[in-house]
Every structure is written in C-alpha cells, then in structure tokens.
Amino acid sequence: MTTFERDPLYQKAKVYMARALDEDRDDPHFGLLCALSLEALTRAALAHVHPALLADPKVDEGKSLLHAFGFPTERPISIPMKAVVARCQIVVDGFDKSDADWTTTIIDHRNTELHSGDLGFANFPTALWLRRFYRICSLLLASIGENLEAFLGPTEASRARIMIDEVEAAIVATARAAVGRARAAFEALPEGERENRARREPAFVLFQHDEASTWAECPACSSQTRLIGTVHGEPDRRLDGDTLIVRRTAVPSVLVCHVCDLSLSGYQVLDAAGLGGQFTTEDHWDAGEYYAELVADGRYVEDYAEYMNE
Amino acid sequence: MGLASSLLGELGDRGWLVAPHPIDVPLEAFARRLGEPIPSRPGRGVVDELRVVQREHASPGTASFVHGAGEFPWHTDAANWPRPPAYLVMRLAASSTGGRPTLLLPLHRIGLTVEDGSMLRRSVYRAVGLRHPFLTTLLSDADGRPTFRYDPDCLVPAAPAFQEAQEALERRMSGGDVATHRWQPGQVLVLDNRVTAHARSGVVDATDAGRVLERVYVRASAE
C-alpha cells in the first residue's frame, strides 16, 4: 500500500469528520477538523483516479512518482493543496472554479490556524461555509463512489442534504429567474440603446466601513460591473512610507448592474448566479487622510491604538 | 487440483467446512487447493504450530500473551494485516494429545440489518500492533464480496463515534448460531476468514493443554 492510495485517505477523511461532528458547530475546532477532512477527501479523489496524481514530480528527481507506482522509496512527497484543488477541477465532475476557490478558502483558514498565532476559524461562522463545504464533499464523494451517508452517518447526512438540496433549489430558481428577466429585457432593447448603456459608468456609491467592491461580470449581459461585498474580520493594514495599504476580504452581498439593471441581493443568490466565494481588495491611502476619515466615523481611537501596537 | 466446486460452494455459503485429509500428507498440500499459502510471520514457513500456552510463557504481542491458556475471544485472524488471509486451514497435529474444541461463528449469518452493514462499512478503526498502523473498517466489500475484520485486541475505533459499530456487531454476534468443532485426526477445518469468526473454547478436560494444531494461512487464488 502506498502513501497516496485512495482508501487510507478516505478513511482519514472520515475520522476527521467524525471528530468534527463531536464538536459544537460554533467551536473553532469544528472548522479546523472539517478542513483537515476536506484536504484528505480532495486527495482521495485524485488517488481514486491514480495515486500518481498526488506525487510531487519535482522533489528528489521525482522519486515520489516511483512510490506512487509501488516502488519502495523513503519519505514520498505529495503535491501542495493548490495543485490538488486545481486537479480536482479537472477530474471531479461538477467541481468548478467557484468550488475550487471555496476549498482554497477553507484550507487558507486551516493554514492560518496551524501556521500562525491567529485563530483561523474564530470569525468564520458556519453560516458562511458549511453548506458549501457539504456540497463540495458530496461532489468529491460521488467521484470516489461514496456518498454523504457513508461519510457523515445518516443523521448528519440528512441535515447536510437539507442544507444543500432544499436551499439550493429555491435559490437557484430565484437567481435564474432574475438573470433571465434582466437578460430578456436587455436583449429586447434597440441595439443603439444597448450600446449607450454599455458606455455608462457605474454609479458612485458611498460604502459603509464594512463594505468593499470589486469588478465582476454580469451574468445577464456579460458587462463588467461592480460587485459589492460585506467585509468580515478586521482589515489588514500596513504602512509603506506615508502610504497606508489596506487589504479587506469581503463576501459578495449585492450586485446592481449599471448596464442591464440586473439586481441580485444576498450571498446565496449571488452564489447561485456564479458570483459567490470571497474577494479581497487592496487600497492605498494617504495615512493622514485615512485616519481623518476614521475620526469622522468615530472609530479613530480604537484603530489608532491598533496601529500604534503594530 | 483445486477444491471441488461443491466444497467451495459449502465454504462460501456456511463460512467453514470440514474435509478429510490424510494424516501423513502435509497440510500445505490441502491449502494449495484453495490458493497460495502464505507465512504468518516473515521468514517462517507456511505451517504454524499452535499450542496452548500459559500467559507467563507466551511471547509479547500474541493472543496467548493477552488471554493465556483460557478462552480466546471471538476474532478473525490477522485482522490488523492490510490483506488478511482469505482462508485458514487447520488440523490436529500428529503430536497433539488433546482436542479443545474451536467455536465458529459465520458473521454473514448473524442477522445484520442494512443499517448495521452501513455502520460497519462507515466506521473507521485503527489497526494496531504492527510497525505501520493503518485505518480500516470492520466490514468492507473487497472484490465484490463482504469481508469482515474483527479483533478488539488489534482494531480500535479511530474516533469515539465509531465504537458503536463494534458494539452493534457484538450484539448480533451474541445471538448468532455458534458451531462447535471437535477436532479429529484425519480431518481439516477450513475457515473463510473473511466471514467467519472463531474462538477457542474454555477448558473442557485435562487433556486440553496438550492440544496442538497445525495452521496454514491461504491467500485466495483470485486475489
């Protein structure tokens, strides 16, 4: 038996999941154990195709590949998770880029927990990720000939199916209907009107301090428009000379297309329309101006104290 | 020459059978009719001699070290091997002076429900007592057939939630039909180790201590 085989990886995924289910759902250890389980499950999905898909071909002149083909070698090295996730997009039916992004997100939180003093799952409530986690698990399980019942046990599997199936069906219907209406209305416009609208600039919106925006492709008219998200967790701030670099990670919350007027609200609806996941923005500020704004917003004292402690 | 299809059928259905075999013919010859004999430990021959051993004389890591000369609890052999032997072929050794019975319990006939089977297939156990522990389940479907592993001495639940599977199996086992095999010279006992648990009965009479069995592990021809 090699290190990269499907069965031991799948068994390990089940063990981590069983231990996760022993935890309260709002306990950070629940998320960490789910993340460990997910990593083992993604690797099992690749191993199910062939163990060689997990072997790192670069280290030590590819000796890990020899291990994957059954030749005894010392300390075989497996590919990093980034490569695992990329390969799952190819070999796992239904595992698309948004699933890959989500898997990476969960693994990033695991890395934060394991590789730093920060609490990787403390500000990451299950409302944000558990349904998607179970959906990704169901895809991976199907690819290796297993199912949620075999993985989670009947009780948790039934909860997971409620989260995946019922919510998903209604939300997908809502999202599709909205996109369909907006697309039909836009395509019914005279060509000249469509061109005029395409030249519009997105309306300037004053964001709350917990909002951020990024460019996204409208699912109805394919125009590049602004996607607004809600920032979770504290921004990452770094001073570079007189410039303050502020990085914020946000979960999509609203899209109003300035070209076709499609309006989608709520993460699950956006996710169903292919606009889910998370995004990160990086803004450069004059440090003085930034903190002047915070004074006006009433948050100066708290943030200044944090800045001085960095 | 392979085992007659009728005997194979009986073995597959009941989980064990008794067949005649001349005392002066090596046990290995019978074992080869089932598949490939394999040693129970590296560097040894394929025929093991099993004696009743007091705990103080037993080697660490053996069943005798745990249970001494008394009853051996239900188990399948080599449950902590990555690939346990498919068959056990055993007979009374020529040097044996006693014949403590062996108890047999076909696990595929103890009335497991569909839910029991799902739980046994889902619950993960850690195989210990070897240089390279690994994770496995008490029931799997290797080569399209149900295959059991059962030995609480070397299979431990990998998470507390999985303990329930062993308890469910043991509840069914307690109500199963136990067969008692009384050893006779000139016969071999063949167990399908994938579905049949066995146990050594308690002391029956004073000659028990002199029981010596020959045993061969066999890997199935199709594996």
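Trainee: Which residue of S13(B) does Leu88(B) stand opposite?

Mentor: Leu88(B) faces Leu191(B) in that strand. Keep in mind that we're looking at a predicted model.

Trainee: Noted! How many bridges hold S5 and S13(B) together, and in which sense do they pair?

Mentor: Strand S5 of chain B, residues 87–92, pairs with S13(B) over four bridges, in the antiparallel sense. S13(B) also has strand S1 of chain B, residues 16–20, joined to it by five bridges, again antiparallel. There, Ala19(B) has Val188(B) as its bridge partner.

Trainee: And is strand S13 mostly covered or mostly open?

Mentor: Mostly covered: S13 of chain B spans residues 187–192, and five of its six residues are buried.

Trainee: Switching sheets, what's the strand order in the open one with S7?

Mentor: That sheet has three strands in the order S8-S7-S11 of chain B, with antiparallel pairing. Its edges are S8 (134–137) and S11 (155–157), each pairing on one side only. From one strand to the next, the twist averages 45 degrees.

Trainee: How many bridges join S7 to S8(B)?

Mentor: Four, with S7 covering residues 124–127 of chain B. Ala127(B) sits opposite Phe134(B) in S8(B).

Trainee: OK, what about the contact between the two chains, how many residues are in it?

Mentor: Ten residues of chain B are in contact with 15 of chain A. Together the chains bury about 920 Å², 67% of it on carbon and sulfur atoms. On the chain B side, helix H4 (114–122) and S8 are the elements that give two or more residues.

Trainee: How many salt bridges and polar contacts cross it?

Mentor: Zero salt bridges between chain B and chain A, but three residue pairs are in polar contact across the interface, both residues of each at pLDDT 80 or more.

Trainee: So how many salt bridges are there over all chains?

Mentor: The count comes to 29. One of them pairs Arg132(A) with Asp99(A) at 3.0 Å, N to O. Arg132(A) is in helix H6 and Asp99(A) in helix H5, 33 residues apart.

Trainee: Are those two buried or exposed?

Mentor: Both are buried. Arg132(A) also meets Asp271(A) in a salt bridge at 2.6 Å. Asp271(A) lies in helix H10 of chain A, so this pair ties together parts 139 residues apart in sequence.

Trainee: What's there in chain B, say for Asp77(B)?

Mentor: Asp77(B) forms a salt bridge with Arg215(B) at 3.2 Å, N to O, and both are buried. Back in chain A, shared partners join Asp99(A), Arg131(A), Arg132(A), Arg135(A) and Asp271(A) into one salt-bridge network.

Notes. Residues numbered from 1 in each chain as written. Chains lettered and ligands numbered in written order. Predicted model: local features only at pLDDT ≥ 70, side-chain atom pairs only at ≥ 80, totals over all residues. Heavy atoms only, no water. Pairing = 2+ DSSP bridges. Axes fitted to C-alpha atoms, helices over the stretch in contact; angles between N-to-C directions. Buried < 20%, exposed > 50% of the residue type's maximum accessible area, 1.4 Å probe, protein only. Contact = heavy atoms within 4.5 Å. Buried area = accessible area lost by both parts, 1.4 Å probe. Salt bridge = Lys/Arg side-chain N within 4 Å of Asp/Glu carboxyl O. Polar contact = N/O pair within 3.5 Å; in protein donor to acceptor, adjacent residues only side chain to side chain.
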